[in-house]
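This briefing is meant to be read with the model open alongside. Please keep the structure in view while working through the points.

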Amino acid sequence: MGSPVEEKLTALKRYFGYDAFRPGQEAVVDALLSGRDALAVMPTGAGKSLCYQLPALLLPGTALVVSPLVSLMRDQVTALCQAGIPAAYLNSTLTEGQFHRALENAKRGQYRIIYVAPERLLTPRFLDFAQAASLSLLAVDEAHCVSQWGQDFRPSYLDIPAFVDRLPRRPPVAALTATATPAVRADMEALLGLRDPVESVTGFDRPNLFFQVRRGGQKLPAALEFIQARPAESGIVYCAARRTVEEVCAALQAAGVPATRYHAGLSPQERQANQEDFTFDRRPVMVATNAFGMGIDKSNVRYVLHYNMPKDLESYYQEAGRAGRDGAPAQCLLLYSPQDTRTARFLIEQDRENEDLDPETLERVRERDYLRLQQMEGYCRTQGCLRAYLLSYFGETPPERCGSCGNCLRSGVELDITEDAQKILSCVKRTGERFGESTLLRVLRGKTNDMIEKWHLDRQSTFGILRDQKEADLKERFRALLDQECLVQSPGKFPTLALGPRAAGVLFHGEKVTLWTEVPAASHPRQAAKAGSEAPAEADEGLFQRLRALRTVLARERGVPAYVVFSDASLRDMAARRPRTREEFLEVSGVGEKKLEQFGQAFLDEIAAWEQREER
Ligand code: ADP
Ligand code: ZN
């Protein structure tokens, strides 16, 4: 055996196939190895699991992991077993017989890692086991669930300190989360009873994510176009309402996209079946409400498309962050319309979750919700760098421009359209705010029809004041006025336009209205190079697709999700390196001894076959 540092690195390679730690990981690993508590705040995809899994391998005894989600436990345990690490979970999905057997094995010390639901901790049978076992560490995953200020408060997390107190020997405790706000962090430290923890807080930037917002325009065609441009890829489409989930999912299926759906209105059986279809890539596109998510451990999600704006940036970053957990390039697109803001305001008004709060606190909570909503809306409307906006929100001081988001890469010009805007708004006002866009367009351009004659609109002073404008350009201006809330549209089949909240400022106080005429950003992210992993060369793409197909076959044979065999990032690395020997295969990121043994030959053969074909 080498020094502790060597041992760490050897185990990192042998079991997980990685050559180096990611930022923040090593500090937590070291803390646990030396018996200290740790608090890790790292964004989704940063690699929190490894922080406790590696010490669990190196320390004697069994590690306990408290985790809030059944689906997460199963996937993690499957992945660990594939990597040659004996692990199990104890939760309500097990039958009495299975539970009994798992507990017996656990008592014999057969597992290195046991995942357990927080509700189990204080049950007599589990306590019996835990008090007799030799526990190497206790990891609390999604630790923000202990805080009422977080979004996912789980009362049984409050039992954790009581559980620890009843152990004959207190193991080091690690709390891990992706939620950063200071209030939640303080709660975690206090309510979980951490003792002088080593804190590891990493930056929130996810360089492999490409952020983009689209304002205005029809959403369904935009979503379809985006998804159909990525036919073989896995993605999540988040919608604000169940009804929208149904509509979007049906439209995608009608267009031949292998989509499935998830929301709280479906039966538990259907939810589970659909989630599995998604996890196993039988239906790689998931259309869902925010009920779908926490605990989705699928690392090869290549895009997260928000069909509606979420209620705050915490939710957005968490949901969007489910893309690209494997570190390979991924897209986060948000389709924004002003209606999203109105829906979100309505939901805050209607929120009954905090009903038992006293009126004063309730008022404070509402105010906080409105403020968060405003900041979310700011993200949708900003012309500046999207990444910078997000990171500043989370308390960092990022460079002003990242050079690799939708706004930074957008080429276009910002036109001052204040004068046209004033003409359009006066036309809307003088015609009585009771006509729709097409009639108003005709009036502005000085064209008549029956309706215009009937209502004498051709005698209005604004008749024909924009007669030189092309129809398409005028439409674009209407769109900008709607987006910037100078105009609002009535609901219904024949929507009419009226002045919006910002109209007075533009008409009477000289407030500016601008219009971006965009050339859309390149749809292929360029940030891969920036992230340090070289962008895939054209020639590797074909091989990558072959390796992916092989992965699907191997995963199906074993009944495990594809990413449990290898992540997309591993396959990309494999396609770029093209290993020929077992030694070379071991160099591939994500390949450890167990993976080499199980899958090495199959992939080596596939690569060799590919190279032969290329030579011909
Ligand atoms: P989190 O729980 O923080 O969201 P995970 O623990 O699921 O993230 O890890 C995300 C991905 O990163 C996984 O595919 C994991 O295998 C990979 N990963 C973790 N640590 C490393 C590392 N040191 N080097 C490369 N990849 C890693
Ligand atoms: Zn940017």
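The points below are grouped by topic: the metal site, the sheet strands, the aromatic contacts and one loop residue.

The model is predicted, and the values quoted here are computed from its atoms. It contains a zinc ion (ligand 2) with four cysteine sulfur donors, Cys385 (SG), Cys402 (SG), Cys405 (SG) and Cys408 (SG), an open sheet of 6 strands with parallel pairing, and 14 aromatic pairs.

**Zinc site**

- The protein donors of the zinc ion (ligand 2), namely Cys385 (SG), Cys402 (SG), Cys405 (SG) and Cys408 (SG), lie 2.3 to 2.4 Å from the ion, and they follow the spacing C-x16-C-x2-C-x2-C along the chain.
- Cysteine 385 sits in the loop between α14 (359-381) and α15 (386-393), while cysteine 402 sits in the loop between α15 and α16 (406-409), and this pair, 17 residues apart, links distant parts of the chain.
- The site of the zinc ion (ligand 2) is tetrahedral, with angles of 100 to 119° among its 4 donor atoms; for reference, the ideal angle for four tetrahedral donors at a metal is 109.5 degrees.
- Cysteine 385 counts as buried because its relative accessibility is 7%, and cysteine 402, with a relative accessible area of 17%, is buried as well; the cut-off behind both statements is a relative accessible area under 20%.

**Strands and sheet**

- The 6 strands of the open sheet are arranged in the order β8-β13-β12-β9-β11-β10, with parallel pairing.
- Because β8 and β10 (259-262) each have a single partner strand, they stand at the edges of the sheet, and one side of each is left without a neighbour there.
- Neighbouring strands of this sheet are turned against each other by 15° on average, with direction ignored.
- The edge strand β10 runs parallel to strand β11 (residues 285-288) and is joined to β11 by 4 bridges, and in this pairing threonine 260 stands opposite methionine 286 in β11.
- Strand β3 (residues 87-90) is covered on both faces, with Ala87 and Tyr89 buried on one side and Ala88 and Leu90 buried on the other.
- β3 pairs with strand β4 (residues 113-116) in the parallel sense over 4 bridges, and alanine 87 stands opposite isoleucine 113 in β4.

**Aromatic contacts**

- The structure holds 14 aromatic pairs, one of which is formed by phenylalanine 211 and tyrosine 317, a stacked pair with 6.1 Å from centre to centre and 20° between the planes.
- Phenylalanine 211 belongs to strand β8 (residues 209-215) and tyrosine 317 to helix α12 (residues 313-320), so their pair ties together parts that are 106 residues apart in sequence.
- Both residues of that pair, phenylalanine 211 and tyrosine 317, are buried.
- Elsewhere, ring pairs link Phe566, Phe585, Phe599 and Phe603 into a cluster.
- Arginine 230 lies over the face of phenylalanine 226, at 3.8 Å from the ring centre, and arginine 572 lies over the face of phenylalanine 544, at 3.8 Å from the ring centre.

**A buried loop residue**

- Valine 560 is located in the loop between α23 (538-558) and α24 (562-565), and valine 560 counts as buried because its relative accessibility is 5%.
- Valine 560 and glutamine 82 are 478 residues apart along the chain, yet their C-alpha atoms are separated by 9.3 Å.

Methods
Residues are numbered from 1 along each chain as its sequence is written. Chains are lettered from A and ligands numbered from 1 in the order in which they are written. This is a predicted model: local features need pLDDT of at least 70, side-chain atom pairs count only at pLDDT 80 or more; totals for chains, interfaces and linings use all residues. Side-chain values use heavy atoms; hydrogens and water are left out. Rings of Phe, Tyr and Trp (its six-membered ring) pair if their centres lie within 6.5 Å; planes under 30 degrees apart count as stacked, over 60 as edge-to-face and the rest as tilted. Helices (H or I, at least four residues) and strands (E, at least two) are DSSP runs, numbered from the N terminus. Buried means under 20% relative accessible area, exposed over 50%, partly exposed in between (1.4 Å probe, protein chains only). A charge sits over a ring if NZ of Lys or CZ of Arg is within 6 Å of the ring centre and within 35 degrees of the ring normal. Donors are N, O and S atoms within 2.8 Å of the metal (3.2 Å for Na, K and Ca); water is not among the atoms, so sites may look incomplete. Four donors count as tetrahedral if all angles lie between 85 and 135 degrees; four count as square planar and six as octahedral if opposite donors are over 155 degrees apart and all others between 65 and 115; anything else is irregular. Two strands pair if DSSP finds at least two bridges between them. Axes are lines fitted to C-alpha atoms, for helices over the stretch in contact, and angles run from 0 to 180 degrees between N-to-C directions.
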